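User: I've got this model open and I keep tripping over the labels. Can you walk me through how they're earned?

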Amino acid sequence: MTLLPPGRMVTCDEGDGNVQPLWLSDRPATAGLWARIYAEHTRSGLWPLLLDSLGPSDDEFRPWGSGEVFPEQMSSPASHDPARLLAEWWAAYTAVDEDDDVLSVKRRLAVTAPFGQNWPGTAPSGESAANADQLATENAEAFLSGRPQSRLGLVAAASGAEALTVAGWAGPLNYDDDTAKFSAVVRDWERRFGARVVAVGFSTLHLSVAAPPMNEEDALLVAAEHFAFCPDNVRQGDRPYTLAAYAGRITGAHSWDFWWD
């Protein structure tokens with residue numbers, strides 16, 4: 001077992017105060033540490049996460065250091081159907097209320113063109129040209145080089161998708177307060193696209209992806225899934241704020257980043 005740096009168990013800021021869903025290193029993670037822990041996951045049962053905070057000057061290292069995690073409020077990822085969740089979210093986020101809408105009907109529907117309000121269904125599984133585990137390691141090192149303040153988190157979970165719920169992460173709280181629903185979708189992406197959860201922030205999620213969409217048709221379908229999963233990626237991402245433009249950016253991309261406003 002890899003020798004761990006100094007750290008502590010995080011106690012939830014909820015309930016009777018004795019729930020400790022994850023371990024957090026006291027200092028930023030060092031290069032190669034995530035990879036070593038990840039390689040031991042099958043034996044240890046611990047999923048490593050690079051944990052980011054609100055910013056480099058966040059002394060509390062929220063939400064992890066402050067205990068703003070809520071595993072007791074979550075359901076189980078296994079109790080949710082990912083395809084149904086995506087369809088329901090899509091319907092909710094493409095709905096038009098002419099009396100209470102910043103965008104006109106035409107402009108709102110243009111965001112999700114060519115589908116408009118019609119859910120196109122989930123994308124087919126991708127064809128992996130990369131080793132998912134090796135790619136995850138490379139993504140972890142790249143993420144850490146860009147966010148050197150990130151610390152190591154360890155969660156007793158079978159996969160990265162399940163680790164999000166077990167840890168009690170509440171990043172998408174403004175859209176849905178049950179992280180298990182998001183874990184269910186990520187678990188499906190693990191199966192279809194060779195996704196691996198590498199890093200998590202206050203309201204951000206970073207995935208390594210071994211089998212991304214490689215053509216326009218598949219990329220549009222994956223983009224629709226991303227919009228349903230995290231509409232801010234498209235609505236408040238890079239211009240132009242359209243599904244088609246977003247699809248172009250994720251075609252062949254081996255990392256997916258999500259952030260919820």
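Analyst: Sure, and let's start with a cut-off: a residue is called buried when its relative accessible area is under 20%, and exposed when that area is over 50%. Keep in mind that this is a predicted model.

User: What makes phenylalanine 61 count as buried?

Analyst: Its relative accessibility is 4%, and buried means under 20%, so phenylalanine 61 counts as buried. You'll find phenylalanine 61 in the loop between strand 3 and helix 3.

User: What is odd about the phi of phenylalanine 61?

Analyst: That phi is positive, about 50°, although phenylalanine 61 is not a glycine. Glycine 252, which follows helix 10, also has a positive phi, near 75°.

User: Why is serine 150 called buried or exposed?

Analyst: Serine 150 has 0% relative accessibility, under the 20% cut-off, so the label is buried. Serine 150 sits in the loop between helix 5 (132-146) and strand 4 (151-156). Leaving out residues up to four places away in sequence, serine 150 touches Pro28, Ala29, Leu50, Leu51, Asp52, Phe143 and Leu144.

User: How do you know that the side chain of serine 150 makes a polar contact with arginine 147?

Analyst: A polar atom of the serine 150 side chain lies 2.8 Å from the backbone oxygen of arginine 147. The limit for a polar contact is 3.5 Å, so that distance falls within it. There's another serine to look at: the side chain of serine 79 reaches the backbone oxygen of serine 76 at 2.6 Å. Serine 79 lies in the loop between strand 3 and helix 3.

User: And why is alanine 78 buried or exposed?

Analyst: Exposed means over 50%, and alanine 78 has 59% relative accessibility, so alanine 78 counts as exposed. Alanine 78 is in the loop between strand 3 (46-51) and helix 3. The C-alpha atoms of alanine 78 and arginine 187 are separated by 9.5 Å, with the two residues 109 apart along the chain. For serine 79 and alanine 180, 101 residues apart along the chain, the C-alpha separation is 8.5 Å.

User: Which peptide bond leading into proline 63 is cis, and what is its omega?

Analyst: The bond from arginine 62 to proline 63 is cis, with omega near 0°. Proline 63 is in the loop between strand 3 and helix 3. A cis bond also joins alanine 113 and proline 114, where omega is about 10°; proline 114 belongs to the loop between helix 4 and helix 5.

User: On to the helices. Why are helix 3 and helix 7 called oblique?

Analyst: Helix 3 (residues 82-94) and helix 7 (residues 179-193) pack at about 120°, with axes 9 Å apart. Roughly perpendicular covers 65 to 115 degrees and roughly antiparallel starts over 145, so this pair is oblique. The crossing of helix 3 and helix 7 is left-handed. Helix 3 brings Pro82, Leu85, Leu86 and Trp89 to the contact, and helix 7 brings Lys181, Phe182, Ala184, Val185 and Asp188. By class, the residues of the contact between helix 3 and helix 7 are 7 nonpolar, no polar and 2 charged.

User: What makes helix 3 and helix 8 roughly perpendicular?

Analyst: The angle between helix 3 and helix 8 is about 75°, and their axes are 8 Å apart. That angle falls in the 65 to 115 degree range, so the pair is roughly perpendicular. Here Leu86, Trp89, Trp90, Tyr93 and Thr94 of helix 3 meet Ala224, Glu225, Phe227, Ala228 and Phe229 of helix 8. The class split for helix 3 with helix 8 is 8 nonpolar, 1 polar and 1 charged.

User: And why does helix 8 get its label relative to helix 10?

Analyst: The axes of helix 8 and helix 10 come within 8 Å and cross at roughly 110°. Since 65 to 115 degrees is the range, helix 8 is therefore roughly perpendicular to helix 10. The contact of helix 8 with helix 10 divides into 11 nonpolar, 1 polar and no charged residues.

User: Which residues of helix 10 are buried, and what covers them?

Analyst: The buried residues of helix 10 (residues 243-250) are Leu243, Ala245, Tyr246, Ala247 and Ile250. Their cover includes helix 3, helix 4 (105-111), helix 8 (216-229), helix 9 (232-235) and strand 7 (255-259).

Technical notes. Residues are numbered from 1 along each chain as its sequence is written. This is a predicted model: local features need pLDDT of at least 70, side-chain atom pairs count only at pLDDT 80 or more; totals for chains, interfaces and linings use all residues. Side-chain values use heavy atoms; hydrogens and water are left out. Axes are lines fitted to C-alpha atoms, for helices over the stretch in contact, and angles run from 0 to 180 degrees between N-to-C directions. Helices (H or I, at least four residues) and strands (E, at least two) are DSSP runs, numbered from the N terminus. Angles under 35 degrees count as roughly parallel, over 145 as roughly antiparallel, 65 to 115 as roughly perpendicular and the rest as oblique. A crossing is left-handed if the near helix is turned anticlockwise from the far one by less than a right angle, and right-handed if clockwise. Contact means heavy atoms within 4.5 Å. Ala, Val, Leu, Ile, Met, Phe, Trp, Tyr, Cys and Pro count as nonpolar, Asp, Glu, Lys and Arg as charged, and the others, Gly among them, as polar. Buried means under 20% relative accessible area, exposed over 50%, partly exposed in between (1.4 Å probe, protein chains only). A polar contact is a pair of N or O atoms within 3.5 Å; within protein, one must be able to donate a hydrogen and the other to accept it, and residues adjacent in sequence count only if both atoms are side-chain atoms.
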